[in-house]
Amino acid sequence: MSFSKEALGLTLLPHVGGIIGGLITRKNVKQWYETLDRPSWRPPNWAFGPVWTSLYTMMGYASYLIYRDGFGETRDRALVLYGSQLALNWLWTPIFFHYHKLGLAFGEILLLLANIGLCINAFYPINRTAAYLMIPYFGWVSLATTLTYSIWQRNKNKRTD
């Protein structure tokens, strides 16, 4: 199976923000994140890199399938939703890890989660595989939403900046 330039580019695109986000996160984990009151059920720090690498690859390839198989306004709408959820995804990390705005990060991730749901819904009629590839991402962001809320609530009375 050979990948086209479009397939490769769209599959790799989400990783751009992931790499930048990883650099932001790495600087703040030990100095700030580890000082927060966090729930015991949170995933271990080492899990985030492999999980996000897999999710970014799946969602990137899903966007290629929509680009390849869709047409007209239906494809345009699906790709706009994909682009907006990707922008929201990339925005969460600096809000949370760089600016330490926990409440804002929670509100932003709620928008992201809703946008992912709309994106899956828009992908489904165009390419079911693309929609299915987005479901693990929706699940992980659901967990991240709950984690963000929990950290925000546990640290409301603590100065986090």
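Which residues form one aromatic cluster with Trp32 and Tyr33? In this predicted model, the remaining members of that cluster are Trp92, Phe96 and Phe97. Tyr33 carries a further contact of interest, since the charged end of Arg38 sits over the Tyr33 ring, at 4.9 Å from its centre.

Two residues of the cluster lead on to the nonpolar interior. The largest nonpolar core holds 44 residues, and Tyr33 and Phe96 are among those that touch the most other members, together with Phe123, Met134, Tyr137 and Val141. Several helices contribute to this core, with at least two residues each coming from helix H1 (5-29), helix H2 (45-69), helix H3 (72-98), H4 and H5. The largest share, 11 residues, is supplied by H4. As a general background, nonpolar side chains in soluble globular proteins tend to be buried together.

Tyr137 gives a detailed view of such a position within the core. When its neighbours within four places in sequence are left aside, Tyr137 is in contact with Trp52, Leu55 and Met59, with Gln85 and Asn89, and also with Leu112 and Ile116.

From here the reader can turn to the aromatic pairs, of which the model has 16 in total. One of them joins Phe106 and Trp152, whose rings are stacked, with 5.7 Å from centre to centre and 25 degrees between the planes. This pair links distant parts of the chain, for Phe106 belongs to helix H4 (residues 102-123) and Trp152 to helix H5 (residues 128-154), and the two are 46 residues apart. The partners fall into separate burial classes: Phe106 has a relative accessibility of 15% and therefore counts as buried, the limit being under 20%, whereas Trp152, with a relative accessible area of 24%, is partly exposed.

The surroundings of this pair can be followed from either ring. On the side of Phe106, and not counting residues up to four places away in sequence, the contacts are Thr145, Thr148 and Tyr149 in addition to Trp152 itself. On the side of Trp152, Lys156 lies over the face of the ring, at 4.8 Å from the ring centre. Phe106 and Lys156 can also be related to each other directly, as they are 50 residues apart in sequence while their C-alpha atoms are 13 Å apart in space. Trp152 is thus stacked with Phe106 and also has Lys156 over its face.

Technical notes. Residues are numbered from 1 along each chain as its sequence is written. This is a predicted model: local features need pLDDT of at least 70, side-chain atom pairs count only at pLDDT 80 or more; totals for chains, interfaces and linings use all residues. Side-chain values use heavy atoms; hydrogens and water are left out. Rings of Phe, Tyr and Trp (its six-membered ring) pair if their centres lie within 6.5 Å; planes under 30 degrees apart count as stacked, over 60 as edge-to-face and the rest as tilted. Helices (H or I, at least four residues) and strands (E, at least two) are DSSP runs, numbered from the N terminus. Buried means under 20% relative accessible area, exposed over 50%, partly exposed in between (1.4 Å probe, protein chains only). A charge sits over a ring if NZ of Lys or CZ of Arg is within 6 Å of the ring centre and within 35 degrees of the ring normal. Contact means heavy atoms within 4.5 Å. A nonpolar core is a set of buried Ala, Val, Leu, Ile, Met, Phe, Trp, Tyr and Cys residues joined through side-chain atoms within 4.5 Å.
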